[in-house]
Amino acid sequence: MYLCKSLVSSQNKKGMLNIIIFGAPGSGKGTQSLKLIEKYGLKHISTGDLLRSEIKAGTDLGRLAESYMSQGKLVPDEIVIGMIENLIKEHPDARGFIFDGFPRTLAQGKALYEVLEQNGQDLSVVLSLEVEDKELVERLLKRGEISGRSDDNRETIEARLQVYYDQTAPLKDYYQGKRKLEKIKGQGSIEDIFASIERVVDGLIE
Ligand code: B4P
């Protein structure tokens, strides 16, 4: 189902719905993003997917990204911010964006505000998926059995969680201060979690 443009006109200057899906590694950002795209027809921007496709293509950027990702570290801000700026500019007709895995640092959060503003847009909401660490580790280890991802092993998962608490979780206060943060219980069935997300998003467009 696509959003009627007039329904979201109150959301921001161009009537777009721009959603950040936020959470720790393995919290289900990618999983719930796919359901959001299906229902609301938004453009999906996953920095993790973008970086992995650069790695697969064997580009210079991919080689650089892999050296960080395989250690569970964040790829430098300037690289990721540049990717996002280009994508937003390349899709002026999008009905809105789902930012999946971006921003992950305060610098990225500030850059996103600026680039949206420069393009006459605004942020609609930050959906924060709340999941206990024990479950995060279990999910990622399970994914590691089939994903072949160099970062889905116990040592790297622990490093990623530490990076999340040090560098990414502080963004919650930032968005709380801007009254954009909506916490979503991220444990339970994928459908039940999506139902909670739908309640928030439908509330925005009514
Ligand atoms: P990402 O690709 O963003 O991945 P993620 O945080 O590991 O996973 P996500 O939360 O999307 O989990 P998913 O739905 O797949 O990042 C990977 C790396 O890229 C980062 O560590 C970093 O190095 C780099 N990077 C990315 N963005 C960056 C940025 N902005 N700046 C700098 N560096 C960046 O779910 C995980 C598993 O759980 C799946 O197997 C899924 O099937 C399962 N699952 C989902 N929901 C479930 C549920 N309700 N119950 C049970 N299992 C569930």
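**Exercise 1. Find which element the buried residues of α6 pack against.**

Solution. The model is predicted: local features need pLDDT of at least 70, side-chain atom pairs count only at pLDDT 80 or more, and totals for chains, interfaces and linings use all residues. Residues are numbered from 1 along each chain as its sequence is written, and side-chain values use heavy atoms, with hydrogens and water left out.

Step 1. Helices (H or I, at least four residues) and strands (E, at least two) are DSSP runs, numbered from the N terminus.

Step 2. Buried means under 20% relative accessible area, exposed over 50%, and partly exposed in between (1.4 Å probe, protein chains only). In α6 the buried residues are L136, V137 and L140. Down the axis of α6 these buried residues fall within an arc of 95°, so they line one face of the helix; the arc is that of the directions from the helix axis to the C-beta atoms.

Step 3. K134, K142, E145 and I146 are exposed on the other side of α6.

Step 4. The buried residues pack against α7 (154-168), where contact means heavy atoms within 4.5 Å.

**Exercise 2. Check the span of helix α6 (residues 133-147).**

Solution. Step 1. The expected span of a helix is 1.5 Å times one less than its number of residues.

Step 2. For the 15 residues of α6 that gives 21 Å, and the end C-alpha atoms are 20 Å apart, which agrees.

Step 3. Just after α6 comes G148, with a positive phi of about 70°.

**Exercise 3. Describe the surroundings of K172, and state whether K172 is buried or exposed.**

Solution. Step 1. K172 belongs to helix α8 (residues 171-177).

Step 2. The relative accessible area of K172 is 18%, so K172 is buried.

Step 3. Apart from neighbours within four places in sequence, K172 is in contact with F22, S128, E130, Y164 and L181.

Step 4. The side chains of K172 and E130 are joined by a polar contact of 3.1 Å. A polar contact is a pair of N or O atoms within 3.5 Å; within protein, one must be able to donate a hydrogen and the other to accept it, and residues adjacent in sequence count only if both atoms are side-chain atoms.

**Exercise 4. Characterise R179 by its phi and its accessibility.**

Solution. Step 1. R179 sits in the loop between α8 and β5 (181-185).

Step 2. Although R179 is not a glycine, its phi is positive, about 60°.

Step 3. R179 counts as exposed, at 79% relative accessibility.
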